[in-house]
Amino acid sequence: MTIVRWNSAREINTLQREMNRLFDDVFPTTNHLQGVSGFTPVAELEETEESYYLRVELPGISKEDIDIQVTADAVSISGDRKSSAEAKEDRMVRSEFRYGSFQRVFATPGRINHQAVAADYTDGILTLTLPKAEEEKNKVVKVNLG
């Protein structure tokens with residue numbers, strides 16, 4: 001039998017995700033993070049020695065409707081997903097798409113060189129290359145004993 005250490009923070013995060021999913025299912029016109037009609041795009045953050053790579057799913061959104069703002073320690077992505085003009089309210093039988101404004105703010109684990117950020121938007125995936133600031137590269141912290 002394997003003994004597994006209980007991690008309360010992980011359990012709380014799992015419970016919070018499940019509660020958020022429940023509220024999204026019960027109240028589909030409101031978003032618990034924004035309080036307005038819309039959606040929250042999902043993201044991944046990857047770190048290498050030189051940069052952070054932030055990928056955000058933004059399907060069905062034109063690049064003209066995306067606003068990206070970067071500071072030395074955070075990235076803000078906002079935009080608007082518009083419904084197609086062809087979809088008429090009286091003809092819609094069912095729609096699970098979410099339309100409206102969104103905003104996500106991502107804090108980076110370390111400082112970035114926000115003057116050198118590069119962006120690519122292909123097939124509904126926004127990829128930001130966030131180069132680390134020089135003081136963050138090869139950062140060594142001296143630890144004194146006693």
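Which residue forms a salt bridge with glutamate 44, and how far apart are the closest N and O atoms? I put this to the model, which is a predicted one, and found that the partner is arginine 55, with the closest N and O atoms 3.0 Å apart.

**Entry 1: the pair across two strands.** I looked up where the two residues sit: glutamate 44 belongs to strand 1 (residues 43-47) and arginine 55 to strand 2 (residues 51-57), so their salt bridge ties together parts that are 11 residues apart in sequence. I then checked accessibility, and I noted glutamate 44 as partly exposed because its relative accessibility is 47%, while arginine 55, at 24%, also counts as partly exposed.

**Entry 2: a further partner for arginine 55.** I went on to glutamate 46 and found that this residue, too, forms a salt bridge with arginine 55, the closest N and O atoms being 3.2 Å apart. For glutamate 46 I recorded a relative accessibility of 36%, which means that the residue counts as partly exposed. Taking these pairs together, I wrote down Glu44, Glu46 and Arg55 as linked in a network of salt bridges.

**Entry 3: a salt bridge between loops.** How many salt bridges does the structure hold? I found a total of 4, and among them I looked up the one in which the side chains of lysine 82 and aspartate 65 meet, at 3.3 Å from N to O. Lysine 82 lies in the loop between strand 4 (74-81) and strand 5 (100-107), and aspartate 65 in the loop between strand 2 and strand 3 (66-70), so this pair ties together parts that are 17 residues apart in sequence. For aspartate 65 I noted a relative accessible area of 22%, which makes the residue partly exposed, since the range for buried ends under 20%.

**Entry 4: aspartate 120.** I turned next to aspartate 120, which has its place in strand 6 (residues 118-122) and counts as partly exposed at 42% relative accessibility. I looked up its separation from arginine 55 and found 9.5 Å between the C-alpha atoms, the two residues being 65 apart along the chain. Which residues is aspartate 120 in contact with, once its neighbours within four places in sequence are left aside? I listed Ile125, Leu126 and Thr127. I also recorded a polar contact of 3.1 Å that joins the side chain of aspartate 120 to that of threonine 122.

Definitions and conventions:
Residues numbered from 1 in each chain as written. Predicted model: local features only at pLDDT ≥ 70, side-chain atom pairs only at ≥ 80, totals over all residues. Heavy atoms only, no water. Helix = DSSP H or I, 4+ residues; strand = E, 2+ residues; numbered from the N terminus. Buried < 20%, exposed > 50% of the residue type's maximum accessible area, 1.4 Å probe, protein only. Contact = heavy atoms within 4.5 Å. Polar contact = N/O pair within 3.5 Å; in protein donor to acceptor, adjacent residues only side chain to side chain.
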